[in-house]
Amino acid sequence: RQSLSRTTMTNPMQAISAELNLDPNIFQNPTCFIAAVRTGIPGSVVRLAVNYFECPELIAKTLGTDLNGLEKDCAARVLNTQKSEALLDGFRTLSAVRMAWSSCELADRWLMSEVPALGGEKPLDLFDCFEGRRWVTEVAKKIERGDFS
């Protein structure tokens with residue numbers, strides 16, 4: 001994959017929203033985010049996310065399933081509230097990770113690496129729960145700021 005474009009780097013959430021056919025306000029407006037969670041994210045968005053991020057394991061982990069379950073989620077009319085919220089929160093975390101690196105390739109490599117600041121865990125392995133995603137986001141933001149302590 002190519003280096004992130006200037007637009008993607010400035011506002012990766014906007015790029016993610018556009019690529020996944022989500023409301024462009026979903027990540028800036030809490031009311032819009034909550035409405036989307038309550039309505040349910042369509043399975044077609046899961047399929048688009050798998051293709052866009054090129055990491056089905058990450059999407060499966062975020063949804064609390066394996067690759068077989070991921071196929072079912074892709075085929076679902078809509079995800080339940082819990083999975084919808086986890087998926088959108090996962091997109092936020094991925095956005096923070098991409099902001100910390102100059103390319104999707106570097107961000108993806110970091111997601112698969114054991115990170116001392118995450119207790120030696122791979123960031124990918126922490127996408128299965130909210131607290132794990134929050135921790136990955138915190139570390140990514142520290143990397144972006146150049147604060148590695």
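These are my notebook entries on a predicted model of one protein chain.

**Ground rules**

I number residues from 1 along each chain as its sequence is written, and since this is a predicted model I take local features at pLDDT of at least 70 and side-chain atom pairs only at pLDDT 80 or more, while totals for chains, interfaces and linings use all residues. Side-chain values use heavy atoms, with hydrogens and water left out.

**Entry 1: overall fold**

I looked up the secondary structure and found nine helices and zero strands. Helices (H or I, at least four residues) and strands (E, at least two) are DSSP runs, numbered from the N terminus. From the N terminus on, the order reads α-α-α-α-α-α-α-α-α. The radius of gyration, taken over C-alpha atoms, is compared with a globule rule of 2.2 Å times the number of residues to the power 0.38. The chain comes out at 15 Å, close to the 15 Å that the rule gives for 149 residues, so it is as compact as a globular protein of that length. Along its principal axes the C-alpha trace spans about 40 × 30 × 30 Å.

I then looked up burial, where buried means under 20% relative accessible area, exposed over 50%, and partly exposed in between (1.4 Å probe, protein chains only). Buried residues make up 46% of the 149 residues. For contacts I use heavy atoms within 4.5 Å. Of the contacts with a separation of 6 or more, 62% come from residues 24 or more positions apart.

**Entry 2: the core**

A nonpolar core is a set of buried Ala, Val, Leu, Ile, Met, Phe, Trp, Tyr and Cys residues joined through side-chain atoms within 4.5 Å. The largest one has 45 residues, and Leu20, Leu22, Phe53, Ile59, Leu88, Phe91 and Trp110 touch the most other members. At least two residues of this core come from each of α2 (12-19), α3, α4, α5 (56-62), α6 (67-75), α7 (81-100), α8 (104-111) and α9. The largest share, seven residues, is supplied by α7.

I followed up leucine 22: leaving aside neighbours within four places in sequence, it is in contact with Ser17, Phe27, Ile41, Val45, Leu88 and Phe91. In α2, I noted Pro12, Met13, Ala15, Ile16 and Ser17 as buried.

**Entry 3: helix α7**

I checked the length of α7 against an expected span of 1.5 Å times one less than the number of residues. Its 20 residues should span 28 Å, and the end C-alpha atoms are 29 Å apart, which agrees. Because 14 of the 20 residues are buried, α7 is largely enclosed by the rest of the structure.

At the N-terminal end of α7, asparagine 80 acts as a cap, with a side-chain oxygen 3.1 Å from the backbone nitrogen of glutamine 82.

**Entry 4: arginine 133 and glycine 40**

Is arginine 133 buried or exposed? Arginine 133 is buried, with a relative accessible area of 5%. I place arginine 133 in helix α9 (residues 130-145). Not counting residues up to four places away in sequence, arginine 133 touches Thr62, Ala86, Asp89, Gly90, Thr93, Leu126, Phe127 and Asp128.

Glycine 40 sits in the loop between α3 (30-39) and α4 (43-53). Glycine 40 is also a buried residue, at 8% relative accessible area. With the same sequence neighbours left out, up to four places away, glycine 40 touches Val78, Leu79 and Ser84. I also took the C-alpha separation of glycine 40 and phenylalanine 127, which are 87 residues apart along the chain, and got 20 Å.

**Entry 5: positive phi**

Most residues other than glycine have a negative phi. I found a positive phi of about 55° at asparagine 21, just after α2. Asparagine 21 lies in the loop between α2 and α3 and counts as exposed at 62% relative accessibility. Glutamate 54, which is not a glycine, has a positive phi of about 55°. I place glutamate 54 in the loop between α4 and α5.

**Entry 6: cysteines**

How many disulfides are there? With a disulfide taken as a pair of cysteine sulfur atoms within 2.5 Å, the count is zero. For cysteine 55, the nearest cysteine sulfur is that of cysteine 104, 12 Å away. Cysteine 55 is buried at 10% relative accessibility. The sulfur of cysteine 129 has its closest cysteine sulfur in cysteine 55, at 17 Å, too far for a bond. Cysteine 129 is partly exposed, with a relative accessible area of 34%.

Methods. Polar contact = N/O pair within 3.5 Å; in protein donor to acceptor, adjacent residues only side chain to side chain.
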